[in-house]
Amino acid sequence: GIGGTKACQVMAAIEFARRFLVHETLLVKNYKDILPYIEDLRWKKQEYFVTITLDGGHHLIERRVVAVGTLNESLIHPREIFVDAISDRAGAIIFAHNHTSSDVTPSQNDFKITNRLVEVGELVGIEVLDHVIINKEEEFSFRDNGLVGD
């Protein structure tokens, strides 16, 4: 007993409510699960540093760009990195940044900041699961290379 336009409006309202109320979350088991959330970094002309916060069950909470650097450097501080994770009540966090060059090998600075962020994570009770470096063609995972985590 309702017209086509009203039926479309009702269906749109139901779909909107379903998407808003039924929050499907991504379970992160390894860095490959987050690749769709950092693919845009591959093509950036500057370094971007991103955090991905996860709940205690390693489900995605939020992805945030926390720093934009120069052509080959991003200046970050643990305070800016962990403020949103603490606000999210995150149980774990993954860091990601891009290299604008063709080499995803971590720099000395990448090692230094990752170690510092792991230490801060231990202090505040947020597990650092991984730090992923991405470029146009490949990725480097600190965890997969035995540099973070178990």
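Set aside the neighbours within four places in sequence, and Thr114 is in contact (heavy atoms within 4.5 Å) with His131, Phe142 and Val148. This is a predicted model, where local features need pLDDT of at least 70, side-chain atom pairs count only at pLDDT 80 or more, and totals for chains, interfaces and linings use all residues. Residues are numbered from 1 along each chain as its sequence is written, and side-chain values use heavy atoms, with hydrogens and water left out.

**Around Thr114**
- Thr114 sits in helix α4 (helices are DSSP runs of H or I, at least four residues; strands are runs of E, at least two; both are numbered from the N terminus).
- Thr114 is buried (under 20% relative accessible area, 1.4 Å probe, protein chains only), at a relative accessible area of 1%.
- The Thr114 side chain makes a polar contact with the His131 side chain at 2.6 Å (a pair of N or O atoms within 3.5 Å, one able to donate a hydrogen and the other to accept it; residues adjacent in sequence count only through side-chain atoms on both sides).
- A polar atom of the Thr114 side chain also lies 2.7 Å from the backbone oxygen of Asp110.

**The sheet**
- Five strands form an open sheet with mixed pairing, in the order β2-β1-β3-β4-β5 (strands pair if DSSP finds at least two bridges between them).
- The edge strands, each pairing on one side only, are β2 (60-68) and β5 (139-141).
- β3 (residues 92-98) and β4 (residues 127-134) pair in the parallel sense over 7 bridges.
- His131, in β4, stands opposite Phe95.

Technical notes. Buried means under 20% relative accessible area, exposed over 50%, partly exposed in between (1.4 Å probe, protein chains only).
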